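Work through the exercises below with the sequence and the model in view, and attempt each task before reading its solution.

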Amino acid sequence: TMHYATPSSGSGYPPPFEQLLGPYFGHFAALGDHLLPGPFKTGLDPVGDGCISATTGTQPVMEVWNGGPQIGNLALEIGTIRGIPFAPGFAMGDFSLAPSPLNLSLYGMGATCFSYLLAPTTIGFQLADSNGVMRQPIPIPLDAGYIGVQLAFQFLLYDPSATTPLTYITSAGHVLFGT
């Protein structure tokens with residue numbers, strides 16, 4: 001969790017912050033705790049927003065590990081952060097984004113759930129770790145044919161506290177361009 005700093009004594013906030021600026025987030029290791037995504041390398045573009053989870057109150061967002069989408073990067077992983085700890089989910093992929101996001105409330109999901117993929121295909125099943133992080137390996141072979149290829153990804157995550165007919169939520173999307 002991110003700690004919200006408040007005055008701890010009669011003197012107010014610790015320097016260099018002043019009390020007139022108001023409360024602030026005081027936990028600066030948020031990147032290491034998988035709470036904030038990025039910064040993203042060239043060839044990676046985040047798309048849209050995730051649904052708000054009834055279990056955690058957060059939106060799962062996409063993240064990338066082990067470099068960027070360069071030809072020959074066999075260690076590349078895409079995934080989500082801010083998910084539900086130990087919950088299952090599906091990595092979805094496509095070669096194209098939808099011309100406009102599809103609101104998935106038509107299919108029994110929450111009103112803030114959208115599909116950003118044109119024709120999503122399941123590419124993997126994952127379980128989130130204790131921090132709600134889910135990773136899917138996406139190795140890119142050392143083949144010049146992959147330069148300029150667009151791949152779009154989004155995750156479908158089980159949310160045990162969802163009150164909708166379909167108890168899943170979606171993450172934000174991510175587009176990779178082979179470089």
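**Exercise 1. Determine what share of the chain's residues count as buried, and describe its accessible surface.**

Step 1: In this predicted model, a residue is called buried when its relative accessible area is under 20%, and 40% of the 179 residues of the chain meet that description.
Step 2: Turning to the surface, the accessible area of the chain is about 9,400 Å², and carbon and sulfur atoms contribute 62% of that area.

**Exercise 2. Establish which secondary structure elements the chain contains, and how its contacts are spread along the sequence.**

Step 1: Counting the elements gives zero helices and 12 strands, and reading along the sequence accordingly gives the pattern β-β-β-β-β-β-β-β-β-β-β-β.
Step 2: Among contacts in the chain with a separation of 6 or more, 66% are made by residues 24 or more positions apart.

**Exercise 3. Lay out the sheet that contains β11, and explain why two of its strands have a side without a neighbour.**

Step 1: The sheet is open and consists of five strands, which follow the order β3-β12-β11-β6-β9 with antiparallel pairing.
Step 2: Because β3 (44-47) and β9 (121-127) stand at the edges and each has a single partner strand, one side of each is left without a neighbour in the sheet.
Step 3: From one strand to the next, the twist averages 25 degrees.

**Exercise 4. Examine how β11 pairs with β12, and find the bridge partner of F153.**

Step 1: Strand β11 covers residues 150-158 and strand β12 covers residues 168-177, and the two pair in the antiparallel sense over eight bridges.
Step 2: Looking for the residue that faces F153 in this pairing, one finds that its bridge partner in β12 is H174.

Terms used
Residues numbered from 1 in each chain as written. Predicted model: local features only at pLDDT ≥ 70, side-chain atom pairs only at ≥ 80, totals over all residues. Heavy atoms only, no water. Helix = DSSP H or I, 4+ residues; strand = E, 2+ residues; numbered from the N terminus. Buried < 20%, exposed > 50% of the residue type's maximum accessible area, 1.4 Å probe, protein only. Contact = heavy atoms within 4.5 Å. Areas by Shrake-Rupley, 256 points an atom, 1.4 Å probe, with all protein chains shown as cover. Pairing = 2+ DSSP bridges. Axes fitted to C-alpha atoms, helices over the stretch in contact; angles between N-to-C directions.
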